[in-house]
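These are my notebook entries on a structure I looked up. I began with a loop and then turned to the cores and the largest pocket.

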Amino acid sequence: MPPKNLNMQRITDICEKTAAKLGYELCDAAMEKEPTGRYLRIYIDTETGITLDDCEKFHRAVQPSLESFDYDFLEVCSPGIDRPLKTKRDIEKSIGMLVEARLYKPVEGRKSAQGLLKEMNDDHVVLESGEEILEFSRKAVAQVRLVPDLSALDEEEENE
C-alpha cells in the first residue's frame, strides 16, 4: 500500500484535474478519521461561490476516479466564508482583507491576532491591526483564516 502522503498527492492531482475541467478551483482535499469512518473531504470554489448543485456535479464527476482509494465517505463542499488560507491563490486574493491568525503558542501574551493581511509567505505572516503592525514567524502560526464581514446582514435587518 502506498504511503498516505503519496495517496493524498494522487487524490489531489485527480481532484485538481477534475475541478479544472468543470470550471472549479480545488481549495483543499483532506482525509479525516472520525468515529463513523474515514472521510475524504474535497473543498471547491469559484469566484461567485459554490452551490449544492456544484458540489453534486463535482462529486459525480470525481467519484469514479477515486474508487481505488481507501475511504468510507466522500464529501464535496465549499471552503466557507471563514476559510483557512492554504493555497497561494487564497493568500493572494486575501491581501488587504481581515484575517485571524491562530498561533501554536502565545507570542507576547497572545494566542491569536486579527488584522488586515499585509503579507504571508513561507517565512512570516504580517498583519496590520489599527496602528500596529504584527509580524509572526510562519512556523509559529497554526492557521490563518478569513474573518467574515457580516455587516451587510446587519444593514438588511435594520432596513426591514
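I located Glu108 in the loop between strand S4 (98–107) and strand S5 (110–120); helices (H or I, at least four residues) and strands (E, at least two) are DSSP runs numbered from the N terminus. The model is predicted, so I noted that local features need pLDDT of at least 70 and side-chain atom pairs pLDDT 80 or more, whereas totals for chains, interfaces and linings use all residues. Residues are numbered from 1 along each chain as its sequence is written, and side-chain values use heavy atoms, without hydrogens and water.

Glu108 is not a glycine, yet I read a positive phi of about 50 degrees. Glu108 is exposed, at 81% relative accessible area (exposed is over 50%, buried under 20%, partly exposed in between, with a 1.4 Å probe and protein chains only).

Next, I looked up the largest nonpolar core (buried Ala, Val, Leu, Ile, Met, Phe, Trp, Tyr and Cys residues joined through side-chain atoms within 4.5 Å). It has 19 residues, and Cys15, Leu40, Ile42, Ile44, Phe58 and Leu66 touch the most other members. Helix H1 (4–22), strand S1 (25–34), strand S2 (37–45), helix H2 (52–62) and strand S3 (73–77) each supply at least two residues; H1 gives the most, four.

Which residues does Cys15 contact, leaving aside neighbours within four places in sequence? I found Leu26, Ile42, Phe58, Val62 and Leu66 (contact means heavy atoms within 4.5 Å). Another core, of 15 residues, lies apart from the largest one and includes Val99, Phe136, Val144 and Leu146.
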